[in-house]
Amino acid sequence: MKTPYDPHALETKWQSRWDDARLFEAPDSDPRPKFYMLEMFPYPSGRLHMGHVRNYSIGDVVARIKKKQGYNVMHPFGWDAFGLPAENAAIERGVHPAEWTYQNIREMRGQLKRLGLGYDWTREIATCHPEYYRWEQLIFIRALEKGLVYRRKALVNWSEKMQTVLANEQVIDGLDYRYGLPVVQKELTQWFFKTTDYAEELLSAIDDLEGHWPERVLLEQRARIGKSHGTLVNFQLTPPVDGQSVLPVFTTRPDTLYGVTFMSLAPEHPMALKLAQGTPHEAAVNAFVQKALQEDKHKRGTDAGSQGDIFTGRTCINPINGAEVPIYIASYVLMDYGTGAVMAVPAHDQRDFDFARRFDLPVQVVINPPNGTALAPATMTEAYADDGVLVNSGPFTGLPNREAMTRITEHLAQNNHGAQTIHYRLRDWCVSRQRYWGAPIPVVYCDRCDVVPVPESQLPVTLPEDVDFRSEGGSPLARCASFVTTTCPQCGGPARRETDTFDTFVESSWYQLRYASPRCDTGPVDPAQVQQWLPVDQYIGGIEHAVGHLMYSRFYHRLMQDLGFFGPEVPREPFQRLLTQGMVCKETLFTRDANGHIQWHTPEQVDEDGNSRQNGQPVETGRAEKMSKSKHNGVDPEEIINRYGVDSARLFVLFASPPENDLLWKDEGVEGVHRFLGRVWHFVTQQRDAIAGAPHTVDAAAPLDDAQKEMRRAIHRTIEQVSTDVDGRFHFNTAIARCMELTNALTRFRPDQSDALGLAIQREGAIALLQLLSPFAPHICEELWEHLGQPGFIAEAPWPSFDPALAKADTLTIAVQVMGKMRGTVEAPADCDTEAMKDLALAHPNVQKHIAGKSIQRVIAVPGKLVNIIAR
RNA sequence: GCCGGAGUGGCGGAACUGGUAGACGCGCUGGAUUCAAAAUCCAGUGGGCGAAAGCUUGUGAGGGUUCGAGUCCCUCCUCCGGUACCA
């Protein structure tokens with residue numbers, strides 16, 4: 001009698017049983033140790049894609065294993081629900097962003113539930129809900145009071161098309177990430193978080209993440225913070241310009257100070273225009289600066305050609321030697337690094353060297369190589385940037401340059417001409433966005449009282465419902481008079497509300513904290529619950545958030561802690577361990593038209609002859625790329641689930657490659673794992689009665705025959721191997737492979753119905769297999785668990801243990817080499833000593849053949865592994 | 001340019017701290033079952049030589065260390081990421 005494997009019926013059945021039993025709800029107080037498992041929450045786009053399936057399946061496996069290992073697992077889910085697509089939907093289809101978003105959430109929640117993911121849905125949050133963002137507004141106000149938030153004019157990436165500010169990561173080669181249209185620089189007054197106050201801590205704390213976060217992410221974070229030691233040097237302006245008598249410069253090479261032959265300022269530098277005022281160069285400088293400012297920031301420097309620089313007509317004084325230094329404006333100098341001014345040392349910096357040669361400016365050598373050769377400015381073909389000994393440097397001549405760095409800096413400091421300083425590349429975080437669908441920034445502008453934070457009692461500042469969305473963009477909030485018009489909380493006079501909303505990275509910077517007490521109505525978090533649950537023990541998400549989201553969260557967690565929202569005993573890092581999973585890719589299909597333009601196709605658009613049904617052209621197969629709508633290489637998870645069931649879909653994404661690698665989607669691969677589940681199903685259902693009736697323990701005293709011994713060994717070894725594969729290493733692909741091997745062994749092991757011992761072993765194997773497989777393919781395992789009459793949910797059954805003695809083999813296969821070449825294998829008892837191994841190896845006929853006529857010089861034996869005979 | 005990472009069968013991928021390369025799966029080939037097909041099951045499957053035993057070659061290329069190298073060291077090539085005038 002064969003019961004067919006019908007995944008759909010049993011998957012629905014177990015999902016509702018888990019629900020009814022509230023299996024995945026995490027109690028706040030529980031004697032078990034806690035384990036906080038979190039995957040990066042999604043933007044509710046409306047449809048689940050394969051990348052989600054992968055991310056959440058990986059997380060679910062970890063959560064289920066931890067649960068079986070006896071942890072009180074919190075595995076929450078929520079929605080990163082603010083963002084531009086909702087507004088675009090409003091413009092394009094006339095749906096209100098809120099309606100669109102909540103509808104999408106409903107749909108995606110349904111899809112996720114069908115995946116059988118063990119989330120604690122009672123903790124669900126959506127960041128667009130006022131009960132979420134009201135606390136964000138509170139945090140902002142507290143930060144403002146503490147001086148950790150401020151407002152300033154800043155040049156921002158401005159998209160004309162979208163009428164909004166873009167983050168640096170949304171600008172690719174000077175074009176916006178969405179439409180690929182130019183992004184210009186525009187000056188706006190913006191709100192900033194003082195992330196730079198935390199630069200040092202964010203950097204030094206990275207050391208503690210070593211080994212727990214991917215090396216690559218740590219590297220990128222370190223690079224983004226960009227700490228560099230240097231010296232601030234004040235060049236003097238005589239006479240002062242616009243009241244300024246100094247021009248500060250940041251340099252990492254104070255040892256080359258005597259070699260400065262000119263100075264370069266960024267076009268944005270506040271002194272740029274003022275310096276040229278009244279000089280014959282004024283008009284030219286004005287024109288140059290104007291042009292540079294309009295030019296795209298990224299393109300500007302690339303042709304470091306003659307167009308890129310201009311003389312201001314002014315000079316300044318080098319404080320170390322009183323030398324007069326001409327001041328230039330150079331497009332390659334960045335305003336947002338250092339002071340926006342660079343001292344140029346052509347002899348020892350390649351860029352300055354190129355510049356000097358182009359303009360025929362003097363080159364002054366101040367460091368000679370340690371080997372004694374003297375550099376000559378006239379004949380140098382490139383800058384000398386390495387270490388050496390100082391020359392032409394007044395009292396510092398003769399010093400090794402490393403030492404000179406400190407000495408010169410000290411000298412400057414003593415004379416008030418400079419100071420040692422540390423500089424970070426990290427910038428303060430601009431959080432203002434000129435959009436509707438975001439959390440309103442809770443401040444009010446009053447003509448009398450200036451900037452006034454909205455009192456805490458008046459929070460949340462909610463988004464008005466009735467607003468006007470227009471395709472030409474601009475801020476709908478700014479157009480909404482009923483929102484903008486308000487009274488000043490301080491003087492009661494007429495006032496205007498801030499119409500910018502927060503960057504959506506603000507919401508995702510603290511959601512991991514909110515999950516600990518998702519319905520807390522006394523503050524953003526309940527400190528006791530934060531202490532109970534944080535930090536996140538395992539975080540999983542895409543590598544694309546390596547710096548953005550992960551840096552903001554690390555900052556925000558500390559910010560909230562320092563504002564007193566939770567206690568100092570909570571660790572300062574929000575995410576203990578991080579796993580970055582790879583993308584889901586699939587091969588692409590395309591045709592080319594006469595002009596060589598590529599058109600992408602879905603597999604359905606290809607006919608039997610391999611031609612496109614659309615244009616008749618022969619279809620070519622491209623390389624595998626990330627699944628996307630535009631490339632037409634996506635696979636809809638629903639379709640896969642309808643065809644094979646959830647367990648097969650999950651199992652495939654876990655089996656096809658290790659989590660951190662990209663995954664290559666293959667329909668045949670899904671069929672493969674589906675077949676495997678079918679084998680498991682048929683094995684257990686067919687042996688069901690025999691297994692259920694077998695003794696529940698294997699008699700330890702009973703003598704086993706070879707096949708039985710081998711079977712038991714396979715069972716215990718599999719438990720051992722799956723446990724190590726899964727624990728910390730997340731090698732789910734090999735863990736599943738081991739389950740497949742065990743299944744193959746079990747289906748071959750056919751004890752006689754009267755053989756109680758054999759049946760007991762079969763039972764032991766079947767139960768172990770279901771246990772090990774259950775985190776990966778939970779539904780089928782629950783069903784078969786029930787078939788075998790096992791009590792309770794397999795999801796709650798403790799992770800199986802193994803007997804190391806049983807996992808070990810009695811005899812080992814020893815590799816035998818002659819002169820390092822494989823010549824055969826011998827069977828040796830497990831406890832065989834090296835002498836006995838050597839004897840066995842030497843007795844091997846093939847070995848005899850290869851050492852015939854030679855003398856044995858040496859025999860190397862590695863216990864339990866191999867024997868290598870050196871004979872000449 | 002600079003900084004990382006990776007190159008293993010037809011494919012995805014295994015191989016713990018140097019010790020039988022290719023586990024497991026896909027695909028392919030042959031067979032069983034079937035009126036037939038699908039499904040399922042069994043066997044084989046890196047290349048070359050061989051009837052077989054076996055030999056030989058093989059982890060991007062070249063060199064090195066070692067009794068022994070996919071694994072360690074050096075040089076180079078390719079691909080993939082990150083970053084880009086950072087003073």
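Pro460 sits in the loop between strand 22 and helix 14. The peptide bond leading into Pro460 from Leu459 is cis, with omega near 0 degrees. The model is predicted. Chain A has 872 residues, and 53% of them count as buried. The chain contains 28 helices and 35 strands. Along the principal axes, its C-alpha atoms fill a box of roughly 110 × 85 × 65 Å.

**Backbone geometry**

- Most residues other than glycine have a negative phi, and most peptide bonds are trans.
- A cis peptide bond also runs from Thr238 to Pro239, with omega near -5 degrees.
- Pro239 belongs to strand 10, which covers residues 228-241.
- Pro460, by contrast, is placed in a loop, the one between strand 22 and helix 14.
- Arg22 is not a glycine, yet its phi is positive, at about 50 degrees.
- Arg22 lies in the loop between helix 1 (7-21) and strand 1 (34-39).
- Asp360 is another residue other than glycine with a positive phi, near 60 degrees.
- The loop that holds Asp360 runs between helix 12 (350-359) and strand 16 (367-368).
- Asp360 counts as exposed because its relative accessibility is 68%, and the cut-off for exposed is over 50%.
- Gly147, just after helix 5, has a positive phi of about 75 degrees.

**Helix 5**

- Helix 5 has 16 residues.
- From first C-alpha to last, helix 5 reaches 22 Å, close to the 22 Å expected at 1.5 Å a residue.
- Its buried residues include the aromatic side chains Tyr132, Tyr133, Trp135 and Phe140.
- Charged residues are also among the buried ones: Arg134 and Glu136.
- The rest of the buried set is Gln137, Leu138, Ile139, Ile141 and Ala143.
- Arg142, also in helix 5 (residues 130-145), is partly exposed, with a relative accessible area of 27%.

**Salt bridges**

- The structure holds 42 salt bridges.
- Side chains of opposite charge can pair when their charged atoms come close.
- Arg142 and Glu456 form one of these bridges, at 2.8 Å from N to O.
- Arg142 is in helix 5 and Glu456 is in the loop between strand 22 (450-453) and helix 14 (481-484), so the bridge ties together parts that are 314 residues apart in sequence.
- Glu456 counts as partly exposed, at 33% relative accessibility.
- The loop of Glu456 is also where Pro460 is found.
- Glu620 and Arg592 form another bridge, at 3.1 Å from N to O.
- This pair links distant parts of the chain: Glu620 is in strand 30 (residues 620-626) and Arg592 is in strand 28 (residues 584-592), 28 residues apart.
- Both partners are partly exposed: Glu620 has 33% relative accessibility, and Arg592 has a relative accessible area of 37%.
- Six residues are joined into one network by salt bridges that share partners: Glu201, Arg554, Arg558, Asp562, Arg572 and Glu573.

**The Arg22 site**

- Arg22 combines its positive phi with a salt bridge to Glu25, at 3.0 Å from N to O.
- How accessible is Arg22? Arg22 is exposed, with a relative accessible area of 53%.
- Its partner Glu25 counts as partly exposed because its relative accessibility is 28%, which falls between the 20% and 50% cut-offs.

**Negative surface patch**

- Which residues form the negative surface patch? The patch is made up of Glu587, Asp667, Glu668 and Glu671.
- Helix 21 (residues 667-693) gives the largest share of the patch, three residues.
- Glu671 is located in helix 21.
- Glu671 counts as partly exposed, at 34% relative accessibility.
- An α-helix has 3.6 residues a turn, so residues three or four places apart point the same way.

Methods. Residues numbered from 1 in each chain as written. Chains lettered and ligands numbered in written order. Predicted model: local features only at pLDDT ≥ 70, side-chain atom pairs only at ≥ 80, totals over all residues. Heavy atoms only, no water. Salt bridge = Lys/Arg side-chain N within 4 Å of Asp/Glu carboxyl O. Buried < 20%, exposed > 50% of the residue type's maximum accessible area, 1.4 Å probe, protein only. Helix = DSSP H or I, 4+ residues; strand = E, 2+ residues; numbered from the N terminus. Patch = residues over 30% accessible without salt bridge, like charges linked within 9 Å, V, L, I, M, F, W, Y side chains within 5 Å. Areas by Shrake-Rupley, 256 points an atom, 1.4 Å probe, with all protein chains shown as cover. Lys, Arg positive; Asp, Glu negative; His and termini not counted. Charge placed at Lys NZ, Arg CZ, Asp CG, Glu CD. Expected span 1.5 Å × (residues − 1).
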